Each structure stands twice: as structure tokens, then as C-alpha cells.
Amino acid sequence: MAFELELISPIEVAKDFALAVQEYTLLSAQSVANFFRRPLYMGDMLQQADLIGVGSLPIVVLTGLSVGALLALNSASTLQQFGGISLIGRLVSIGMVTELGPLITGLMVAGRNASGMASELGSMIVTEQIDAMRALGTDPTKKLVTPRIGATAFMLFFLTIIADLLGLIGGYAVAHLIFGVDTQQYWTTTWQILVFRDVFTGLIKPVLFGFIIATVGCYYGMSTQGGTQGVGRSTTQAVVASSVLILVMDFFVTKLIFAVFGYR
Amino acid sequence: MSAPTLPVEDSAVAVVNPSGYAIEFDNVCIAFDEKVVLNGISFRLPHGETKAVFGVAGSGKSTLLKLAIGLLRPDSGRIFVLGEEITHMSEQELFELRRRVGIVFQESALFDSLKVYENVGFRLAEEKVPADEIERRVREVLRFVELERTYDMYPSELSGGMRRRVAIARAIITDPEVLLYDSPTGGLDPVTSNTIVELIVKQRDVYKTSSLMVTHRLQDAFTMATHYFDKAANKMVALPRGQRCEVPLSFLILRDGKVIFDGDAHQLATSRDEYIREYIS
């Protein structure tokens, strides 16, 4: 069987990319503007908050615990060489609250919910349900996209707090049970090391990551083409794009916060 | 090939009072990826009339309906719906206008995560109509399509014909001034098709709703041309032989993106156009 390789012009690729960025930006801007226009669809937002927040809780609990424990386990050997095992709480605390808690939670929720949003909206596109909604006089971005953005940003904030806490508990379990670190010493150091900048960094990131997850998931869903195969393609692209964007955004937000608040 | 029964150019020139028609297309063109789908389409749908739109697969029939409700925008030409030009309307303005227009999609397009009553009452719920009023009207319209028993069911639990009837119920619940049907009997068995046709005839004769009906089943349109809805008997009955085709029904045939016929059943039956004669034979 012969395969034909179709060569695509780099200019066409660049044009398609620019168009996708433009459409994504328009969808995001319109969806954010919808927060200030009636109706607000609070019922849909609560339903999405339940699906995204409560539905993601088990995976966030498991990853939070594991990452905290692994962070403690991996750093303990290095700290032991310098006799600094008592500092393990500080390391876990800074690592979880400022970086790993928001990042891991964001990536987990992206994997679970960006794909869900893309496949749900994509299926609605290919079965003409979105057209039907428009024909019935309802704005799909207002009814479907805006509630998902609000719910994801809101719930990721709280899911990250839970992941941070469980990461600290996982770190404590390793530090105390394996390396014999005193309970009070661990919790005192984890608490004392944190300053406003750390907490601010750790809580602003999930809101931004939530925005990315929902807008990317909805964008790929709403731009689905080509039937069920197209739905599958949108789902994969949504997970990949939202994960990459989260990592890129994480770098720039961290850099910005360092620039504003200064290094430690 | 002989000339069409009603030349398209004549219709376009005759546009004087756009508000006099439920729907009016004036030299409308649309292309997708350089493939011209509709090329200079012009026609008018008077108030209270049903127009059956025919054409082979891919002739742009569904595109025509989507243009009529503003889901697609033409590349050129003008479209009037209920006297308002929709060609350059914003999406927000279109949402307002669409409240006066109902559409039945080819595959029903019911919201699969919502129950039948939520689907049918969707527009009323969006308009914040009180819940008890929504329930009353949903039951009433489901009774109209004889599907009241499906009130609490999901679309996935319904057959294709039932889904199509629920879609009709959803389209007519707000008493729209214009109804658009996209292949309402496509893929259905003859008995179910007849039930759907009866509903469309009922909507035409009882509520006098203006309609555009895309179909490729000529027999459905001929049933509509030769029958009327007897309100007293609550069923569709055949017109007496002498009065056949004297119902507000016209035909529009598309070919290669152009209108090749726009006229009533008499004109269609007597057309000398070879393509049309072959089509209706």
C-alpha cells in the first residue's frame, strides 16, 4: 500500500496558527465579558463546579500525598549528607505551596477536565446541538463556556489548597516515619518558612491554570471538525495544549512574581 | 434543457417590499473552501405558505436553511426574515429574531444530556417562564405530537421518529411565525414519515405557520399538496379531486447551486424541463 505524503507550506501552518490564536483569544475575551452580562447561568456553574471540583478530588488527594512524600524522600538523602534533615519541612513546604501543588493539580485537572470539556462540546458540535442552541436563541459561549471557566478557576483554587495540605502531610509521613523528624519541628518549620509571597504565588497560579484549562478545553471542543474522529483529535489536542500552556504560564508567573517581590 | 418555470431573475427584480414575506432570499451566494454551494439564490416565502425545497444530496438545501436562520452568513446577497434583513445582523440581534423562528434539524439535534421536557421547554426556561407554565405548555405541545408519555425520558431512549417529533415539539412550543424543517422524514419508515407529514400539515393548516421544508422525498410534498388537516376530525384528509393542490404549498428545486424551479404543484406537474420531469417521475 502506497502512502502519499502531503507537504504543507510553512506559511499555511503559520496562518493556521495565527488564526487559532485569534479565535482562542476572541472566545476567551467573550467568555470573560459574559461574566458581566445577564443571564449568568449560576446553576450551570454550580453543576460544573461539582463535576470539576468534587469529581477531581480523589485524583488530587492521591497525587498531593504522593508528590509530598516523594519530595521528602528524594530531598532527605541530600539533606542528611549535610546534617540538615531537620530542614526537610521547609523544603517540602516551599516546594509544595509555591510550585508542585499548583502545577501537579493543574496538570491533573487538565488531563481530566480539558479532555472532558473538549469531547463534550465537540460531540455537541458534530451532532448540531450547538447550532440548535444558537437557533433556540441561546448564546453557547454564555451557557456552556463561561460557567466552565468560572467553575474551573474557582475549584482549582480550593483543589490546590487541598493538594498543598496533603503534600505536607505526605512529606510529614516520610520525614517522621522513615527519618525520625520530630512532629513539632516539622510542622513549625513548614509554617514558619512561608511568607506572603509564597502563599500569593501558590494561590494565584491555580486561578490562572483553571482559566487555561477551561478556555483551551472549550476552544478545542467548539472548533471541532470532522465527526467522531474530530472529537478524538480535539480531546487529545486540548490535553496537550493545556498542559504545555500551564507549564509555560508557570514559568512566566514565577518569573514575574520574583521580579515584583524579589528573590528570597 | 428548457427554461425554469419561474425565472430566478424575475423574482430578484421584483423585490419591492421585503416585509411582505416571511422569508426572502435576494441573489444569495455562499462557498465553502472555494466550492460554490449556493450561487445567486433568490426566492420568496409568503406568510402562511409552506415551501418544499428539493435537490440532490449536496445541492445546498441544508445550507439554505442555516442561512435563513442566521447560523451561516452569505458571501453576498441579502436575506430577509420576517421583514428584517439578517445579512449583517450581530449574533445578539439574531438571538432575538430566532425567538420568532423554529427549526427542526436533520438529525433532530436534541440535547442528549437533557430529558425530553427539558429539551422541549428549553427556550421557555431560557426566557424565565415560571416552571408550572413551562410544564403546562410542554405537556400541551407533546400532546400535539402525540408523545406526552415521553415527558420524563432521555432522547437516547426514543426511536428516530420519536426524536424527530420531539424536535418538532421543541420548535413549535413558542408558536414561531416561521418554521424550518431539515429533512424531517429522512431515514424514517413510511408510517412514521406519514405521521411527521401530518404534523407539518397540521401546523400549516391549523396554525398557518410559514414554513421552509427541505426534503428529498417527493411523495411527502405531494401528500402535503393533496391533503389538508381536518381540525374537527383531528386528522389529515385528502382534498376532493377538483381542489387538489389548492393548499398554500409551493416547490423550490435546486441544482448546481441555483434555483431551477420555483412554483406551485400545477406548474411543477406541467414543467417541460427535462431534469424536473426526470426528478418528479
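Which residues does A:Ala163 touch, not counting residues up to four places away in sequence? Keep that question in mind as you open the structure, which is a predicted model.

**Stop 1: chain A as a whole**

Select chain A and show it as a cartoon. You will find eight helices and zero strands, so the order of elements from the N terminus on is simply α-α-α-α-α-α-α-α. The C-alpha trace spans about 65 × 55 × 35 Å along its principal axes. Of the 264 residues in chain A, 43% are buried. Among the contacts in chain A with a separation of 6 or more, 89% join residues 24 or more positions apart.

**Stop 2: A:Ala163**

Now select helix 5 of chain A, residues 140-177, and pick out A:Ala163 within it. Is this residue buried or exposed? A:Ala163 counts as buried because 34 C-beta neighbours lie inside 10 Å. Here is the reply to the opening question: A:Ala163 touches A:Val60, A:Thr63, A:Gly64, A:Gly101, A:Ile104 and A:Thr105. Select those residues together with A:Ala163 to see the group. For a distance to try in the viewer, go from the C-alpha atom of A:Ala163 to that of A:Thr188: they are 25 residues apart along the chain and separated by 19 Å.

**Stop 3: where the chains meet**

Bring chain B into view. The contact takes 11 residues from chain A and 13 residues from chain B. On the side of chain A that touches chain B, three residues are nonpolar, four are polar and four are charged.

**Stop 4: the two domains of chain B**

Colour chain B by domain. Domain 1 covers 8-100 + 176-280, and domain 2 covers 112-175. Their centres, taken over C-alpha atoms, are separated by 25 Å. Where they meet, 11 residues of domain 1 of chain B are in contact with 10 residues of domain 2 of chain B. Select helix 8 of chain B, residues 190-207, to find the largest share of the domain 1 side of this contact, five residues. By class, that side of domain 1 has six nonpolar, four polar and one charged residues.

**Stop 5: a sheet in chain B**

Next, look for an open sheet of four strands in chain B, with the order 2-1-4-5 and antiparallel pairing. Strand 2 (35-46) and strand 5 (84-85) stand at the edges, each with a single partner strand, so one side of each has no neighbour in the sheet. Strand 1, residues 21-32, pairs with strand 2 in the antiparallel sense over nine bridges. To see the two strands facing each other, select B:Ala31, which stands opposite B:Val36 in strand 2.

**Stop 6: helix 6 of chain B**

Finish with residues 131-144 of chain B, which form helix 6. At 1.5 Å a residue, these 14 residues should span 20 Å, and the end C-alpha atoms are indeed 20 Å apart. Which residues of helix 6 are buried? They are B:Ile134, B:Val138, B:Val141 and B:Leu142. Turn the view to look down the helix axis: the buried residues fall within an arc of 100°, so they line one face of the helix. They pack against helix 4 (116-120), helix 5 (122-126) and helix 7 (160-172) of chain B. The face turned away from the buried side carries the exposed residues B:Asp132, B:Glu133, B:Glu140 and B:Arg143. Helix 6 is followed by B:Glu146, whose phi is positive, near 60°.

Key. Residues numbered from 1 in each chain as written. Chains lettered and ligands numbered in written order. Predicted model: local features only at pLDDT ≥ 70, side-chain atom pairs only at ≥ 80, totals over all residues. Expected span 1.5 Å × (residues − 1). Buried ≥ 20, exposed ≤ 12 C-beta atoms within 10 Å, placed from the backbone. Arc of directions from axis to C-beta. Contact = placed C-beta atoms within 7 Å. Nonpolar A, V, L, I, M, F, W, Y, C, P; charged D, E, K, R; others polar. Domains from an automatic or database assignment. Pairing = 2+ DSSP bridges.
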